[in-house]
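Reader: I would be grateful for a close look at a single part of this model, namely a pair of packed helices and what adjoins it. Please treat the geometry before the residues.

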Amino acid sequence: MKTHLSDIIDTLARRLADTLAPRGCAVCGCRLCLQEQAVCSACNISIPRTHYARNPFDNDMAKVFWHLAPIEKAAAWFFYNAGSPTAQAIYKLKYFNRPDIGYALGRIFGQELVADGFFDDVDVIVPVPLAPKRERQRGYNQSVAIAEGMAREAHVDVDRRSLRRTSFAKSQTMLSREEREKNVSGVFELTGACQLAGRGILLVDDVCTTGATLTACAKTISRLPGVRIYAATLAFAGTRYNDSVEDIPFELGVVE
């Protein structure tokens, strides 16, 4: 079996990086082995997986969009509970300048989605965009990091240009379902560079709670002819689990 030069370079780079700055598990903080990505083997095993990709058209996340958005199928990697060990990975990804966590988790999730056949009819990944000001403040878009990790495993393109967010009124934190829907209504638009018509489009975000943001994106994209729209997020925090996915513990010192 031939080994790609890029893989060799990647392995050598990771060995050097691990020597100079050992990596810690995004969940428990323990040092990672060279072969581990973002989470240690023990935490990976204990992640509360949804397994929604095995039944993507009829699961709790997919039902969020029924009669609300033209999203045909949906899957999340794990169930979200605020304050849980697994939630720490999301906090670090979004608020502690760790896009690398999103990329690594995206790869792991992507591998499992590919194995379940979820990518069989996906042509392109579209990460949920941040408003330009918001992205400048954070320094990156966590959804792009996740999407790029997934794309590496699924061998599909990531389209960052076709959909954009025009404004940011306020964080979705602590908003009700109705307030979340109003907060993202009309804030997404297609660009002149849009090349999504007739394609199978996978919207990717970090967490799905009420589905308001993904719904707004899907409604915008659905104006194009012949599109098929799907959704995937790292975590699902539906009403059975949490009503406020971004309820960050005060001790983390996070200010929205």
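Author: The model is a predicted one, and the part chosen here is the packing of helix 5 against helix 7. Two packed helices are described by the angle between their axes and the distance between the axes. Helix 5 covers residues 99-115, and helix 7 covers residues 142-154. Their axes come within 6 Å and cross at roughly 40 degrees. Helix 5 is therefore oblique to helix 7, since angles under 35 degrees would count as roughly parallel. The crossing of helix 5 past helix 7 is right-handed.

On the side of helix 5, the contact is made by Pro 99, Gly 102, Tyr 103, Gly 106, Arg 107, Phe 109, Gly 110, Gln 111, Leu 113 and Val 114. Helix 7 contributes Ala 145, Ile 146, Glu 148, Gly 149, Met 150, Arg 152, Glu 153 and Ala 154. Taken by character, the residues of this contact comprise nine nonpolar, five polar and four charged.

The chain beyond helix 7 also merits attention. His 155 lies in the loop between helix 7 and strand 3 (157-158). Most residues other than glycine have a negative phi. His 155, however, has a positive phi, near 60 degrees. With a relative accessibility of 71%, His 155 counts as exposed, because the cut-off for that class is over 50%.

Another histidine offers a parallel case: His 51 has a positive phi of about 60 degrees. His 51 belongs to the loop between helix 2 (41-46) and helix 3 (60-65), and its relative accessibility of 41% makes it partly exposed.

Terms used:
Residues are numbered from 1 along each chain as its sequence is written. This is a predicted model: local features need pLDDT of at least 70, side-chain atom pairs count only at pLDDT 80 or more; totals for chains, interfaces and linings use all residues. Side-chain values use heavy atoms; hydrogens and water are left out. Helices (H or I, at least four residues) and strands (E, at least two) are DSSP runs, numbered from the N terminus. Buried means under 20% relative accessible area, exposed over 50%, partly exposed in between (1.4 Å probe, protein chains only). Axes are lines fitted to C-alpha atoms, for helices over the stretch in contact, and angles run from 0 to 180 degrees between N-to-C directions. Angles under 35 degrees count as roughly parallel, over 145 as roughly antiparallel, 65 to 115 as roughly perpendicular and the rest as oblique. A crossing is left-handed if the near helix is turned anticlockwise from the far one by less than a right angle, and right-handed if clockwise. Contact means heavy atoms within 4.5 Å. Ala, Val, Leu, Ile, Met, Phe, Trp, Tyr, Cys and Pro count as nonpolar, Asp, Glu, Lys and Arg as charged, and the others, Gly among them, as polar.
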